[in-house]
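Please open the structure in a viewer and keep the selection tool at hand. The tour below moves from the whole chain to single residues.

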Amino acid sequence: MISDRFSVSRRNTLRLLAGGAAAGLAAGLPASPAGAAARVWSVTGRGATSLKPFDDTLKRFMQARTIPHASLAVVRKGKLVLARGYNWTADTSFAAGPTSLFRVASLSKPITAAAVLKLAQDGKLSLSAKVAPLLRLSTAADPRLAAVTVTHLLQHLGGWDSEVSGDPMFRDRVIAAALGVPLPITQAQIIAHTSGLKLDHAPGTTYAYSNYGYVLLQKIIERVSGVSYASYVQSKVLTPLKIKRMALGRTAKSLRKSGEAPYFSQYTGKSVIDTSNSVLPFPYGGFNLGN
């Protein structure tokens with residue numbers, strides 16, 4: 001997803017910032033960054049002298065990691081007290097503002113969890129429901145899959161462990177080759193392939209952070225609600241909170257939303273979003289953000 005009020009990093013991007021802050025970062029370490037001497041600071045939005053430590057902390061964070069664009073929001077006692085965009089770059093083609101859109105990466109997971117709990121609250125889904133029959137998954141490869149519940153998926157206890165067998169969400173080429181299908185692979189193909197493998201742990205016994213488990217939760221939301229994941233989340237989670245601009249992120253650079261920050265990385269990879277084998281910046285095709 002992309003949003004103007006959440007961090008784009010996976011888990012601990014702004015541990016050093018005080019509680020109550022949310023940030024968006026155009027992740028740094030560009031392949032060919034401009035020299036520090038060529039970079040200039042521009043800061044947009046309203047600040048306050050008493051909140052200058054937030055400005056200083058985020059600037060230090062950006063400089064240490066060569067991050068060109070960021071945004072930061074600080075809320076205290078339910079009131080927005082700071083909303084600013086930060087730019088440290090020689091390139092003026094984009095300037096982050098307080099409402100710029102940033103990828104939120106794995107912070108999409110709490111939103112997915114809220115959608116699942118809304119279904120449970122409305123009596124449409126039991127958290128103890130078994131996942132395999134809900135999604136019509138075969139348990140032939142590992143009968144233990146039959147024991148995986150919705151709660152297991154929510155709590156990363158489903159039995160998949162990327163440290164043991166790799167993360168299915170980043171094994172596009174392996175899965176495509178195994179199934180004999182072209183890139184890009186679909187979520188359905190990822191699920192079909194992974195369901196044909198043994199679990200790494202018995203369900204409910206071992207915590208292992210799982211991107212794949214949350215793809216299954218997406219499919220459960222769609223199966224139970226009868227509408228797309230995006231539609232259900234927008235109507236049942238975001239709209240009641242008056243959140244209107246959050247949207248599903250897209251992989252290709254050409255599909256960047258208006259007002260969305262550009263992303264930078266020192267890493268590249270062969271495209272997993274087409275069959276070209278072209279080498280792309282990792283944020284724009286080295287992995288499949290859509291999946």
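In this tour, contact means that heavy atoms lie within 4.5 Å of each other. The model on display is predicted.

**The whole chain**

Begin with the entire chain in a cartoon view, in which nine helices and eight strands can be traced. The radius of gyration is 20 Å, close to the 19 Å that the globule rule gives for 291 residues, so the chain is as compact as a globular protein of that length. Turn the view along the principal axes: the C-alpha trace spans about 60 × 45 × 30 Å.

Next, display the surface. The chain exposes about 14300 Å², and carbon and sulfur atoms supply 55% of that area. Buried residues account for 46% of the 291 residues. Of the contacts between residues at least 6 apart in sequence, 67% join residues at least 24 apart. Colouring by charge brings up 35 positive and 14 negative side chains, and the centres of these two sets lie 7 Å apart.

**First stop: Asn 211**

Select Asn 211, which belongs to helix 8 (residues 211-225). Is Asn 211 buried or exposed? Its relative accessible area is 14%, and a residue under 20% counts as buried, so Asn 211 is buried. Now show the side chains of Lys 109 and Asp 167. The side chain of Asn 211 makes a polar contact of 2.6 Å with that of Lys 109, and a polar contact of 2.6 Å also joins the side chains of Asn 211 and Asp 167.

**Second stop: Gly 249**

Move to the loop between helix 9 (229-238) and strand 7 (268-270), where Gly 249 is located. Gly 249 is buried, at 8% relative accessible area. Which residues are in contact with Gly 249, leaving aside its neighbours within four places in sequence? They are Met 1, Ile 2, Leu 289 and Gly 290. For a longer reach, select Lys 118 as well: Gly 249 and Lys 118 are 131 residues apart in sequence, and their C-alpha atoms are 23 Å apart in space.

**Third stop: Asn 288**

Proceed to the segment after strand 8 (279-281) and select Asn 288. With 12% relative accessibility, Asn 288 counts as buried. The side chain of Asn 288 has a polar atom 3.1 Å from the backbone nitrogen of Gly 290, and it reaches the backbone nitrogen of Asn 291 at 3.0 Å. Beyond its neighbours within four places in sequence, Asn 288 is in contact with several residues, among them Asp 172, Thr 251 and Val 272. Pro 184 is another of these partners, and it leads to the next stop.

**Fourth stop: backbone geometry**

Most residues other than glycine have a negative phi, and most peptide bonds are trans. The following selections concern exceptions of these kinds.

Select Pro 184, in the loop between helix 6 (172-179) and helix 7 (187-195). The peptide bond from Leu 183 to Pro 184 is cis, with omega near 0°.

Then select Lys 77, in the loop between strand 4 (69-76) and strand 5 (79-89). Lys 77 has a positive phi, near 55°, and it counts as exposed at 76% relative accessibility.

Finish at Arg 136, found in the loop between helix 3 (131-135) and helix 4 (150-154). Phi of Arg 136 is near 55°, a positive value in a residue other than glycine. Arg 136 is exposed, with a relative accessible area of 67%.

Notes. Residues are numbered from 1 along each chain as its sequence is written. This is a predicted model: local features need pLDDT of at least 70, side-chain atom pairs count only at pLDDT 80 or more; totals for chains, interfaces and linings use all residues. Side-chain values use heavy atoms; hydrogens and water are left out. Helices (H or I, at least four residues) and strands (E, at least two) are DSSP runs, numbered from the N terminus. The radius of gyration is taken over C-alpha atoms; the globule rule is 2.2 Å times the number of residues to the power 0.38. Buried means under 20% relative accessible area, exposed over 50%, partly exposed in between (1.4 Å probe, protein chains only). Accessible areas come from the Shrake-Rupley method with a 1.4 Å probe; for residues, only the protein chains shown count as cover. Lys and Arg count as positive and Asp and Glu as negative; His and the chain ends are not counted. The place of a charge is taken as NZ of Lys, CZ of Arg, CG of Asp or CD of Glu. A polar contact is a pair of N or O atoms within 3.5 Å; within protein, one must be able to donate a hydrogen and the other to accept it, and residues adjacent in sequence count only if both atoms are side-chain atoms.
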